[in-house]
Amino acid sequence: MDVQAFVRPLEQIEAGMQTLYETLATQFATTDPPASSVFCRLAFEERSHMAKLQYLRRLGRQLGSDLAAVELDRAALDAELARIEKAVLGAPSLSLHEAIATSLEVEYGAGELHGRLAIAQSNPELAAVLVGLKGEDERHAKRLVALAQDRGGLP
């Protein structure tokens, strides 16, 4: 499998997360500006995650990298993309606690983590970037938990 085919679905996941957070930032802009600010920051960071993945695709093109040893669980990635799409569509009707719970669910999504772990086992250049993204997802989750705790706890 080439780098392009592997990274493209991961980019779609990050793009979906960005859209989710942009939607939530807009939704809470007037009713809860501090929460809106958290979602806005998360959207910005998701955009930077996409940029890192785009860098990986360019690197793969330049180096002609091949990921023949990687088993891409396309079904898991498709399920994660569907979960994010559903979250984006439902976002305008979510309460803040529901928005946080939904955001945590997609941050911890099995498809994204599975893909990152699979690639981390086969290609060190890609692994370094993807391990960094995993750490950023964990920081996102901590930020969302802190927001929930600030607002009275998780639903």
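**Entry 1: starting at F39**

I opened this predicted model at F39 and looked up its exposure. F39 has a relative accessible area of 0%, so I noted it as buried, the cut-off being under 20%. Next I asked which residues F39 touches, not counting those up to four places away in sequence. My list reads Y21, L24, A25, F28, L96, A99, I100, S103, L144 and L147.

**Entry 2: the rings**

How many aromatic pairs does the structure hold? I found 2 of them. A reminder to myself: two aromatic rings are described by the distance between their centres and the angle between their planes.

I took Y21 and F39 to begin with. Their centres are 6.2 Å apart and their planes 25 degrees apart, and the pair is stacked. Y21 sits in helix α1 (residues 3-27) and F39 in helix α2 (residues 33-63), so this pair ties together parts that lie 18 residues apart in sequence. Is Y21 buried or exposed? Y21 is buried, at a relative accessible area of 0%.

Then I turned to F28 and F39. Here the ring centres are 6.0 Å apart and the planes meet at 25 degrees, so I wrote down "stacked" again. F28 belongs to the loop between α1 and α2, while F39 is in helix α2, and the two are 11 residues apart. F28 is buried too, with a relative accessible area of 6%. Putting the rings together, I get one aromatic cluster made of Y21, F28 and F39.

**Entry 3: the nonpolar core**

I kept in mind that nonpolar side chains tend to be buried together in soluble globular proteins. Which members of the largest nonpolar core touch the most other members? They are Y21, L24, F39 and I100, out of 36 residues. At least two residues of this core come from each of α1, α2, α3 (74-90), α4 and α6 (124-150). Helix α1 gives the most, with 9 residues.

**Entry 4: helix α4**

I checked the length of α4 (residues 96-107) next. The expected span is 1.5 Å times one less than the number of residues, so the 12 residues of α4 should cover 16 Å, and the end C-alpha atoms are indeed 16 Å apart. Its buried residues are L96, A99, I100, T102, S103, L104, V106 and E107. Of these, I had already met L96, A99, I100 and S103 as contacts of F39.

**Entry 5: D32 in the loop**

Where is D32? I found D32 in the loop between α1 and α2. D32 is buried, with a relative accessible area of 13%. Leaving out neighbours within four places in sequence, D32 is in contact with L96 and R151.

**Entry 6: the whole chain**

I zoomed out last. The protein chain has 6 helices and 0 strands, and along the sequence I read the pattern α-α-α-α-α-α. Of its 155 residues, 48% are buried. Among contacts between residues at least 6 apart in sequence, 85% join residues at least 24 apart. I noted an accessible surface of about 7500 Å², with 56% of it belonging to carbon and sulfur atoms.

**Entry 7: how far to trust it**

The mean pLDDT of the chain is 81, and 77% of the residues reach 70 or more. Which element has the lowest mean pLDDT, and which the highest? Helix α5 (residues 110-120) has the lowest, at 54, and α4 has the highest, at 91. My closing reminder is that predicted coordinates should not be read in detail where pLDDT is low.

Technical notes: Residues numbered from 1 in each chain as written. Predicted model: local features only at pLDDT ≥ 70, side-chain atom pairs only at ≥ 80, totals over all residues. Heavy atoms only, no water. Phe/Tyr/Trp six-rings, centres within 6.5 Å; stacked < 30°, edge-to-face > 60°. Helix = DSSP H or I, 4+ residues; strand = E, 2+ residues; numbered from the N terminus. Buried < 20%, exposed > 50% of the residue type's maximum accessible area, 1.4 Å probe, protein only. Contact = heavy atoms within 4.5 Å. pLDDT = per-residue confidence, 0-100. Core = buried A, V, L, I, M, F, W, Y, C linked by side-chain atoms within 4.5 Å. Areas by Shrake-Rupley, 256 points an atom, 1.4 Å probe, with all protein chains shown as cover.
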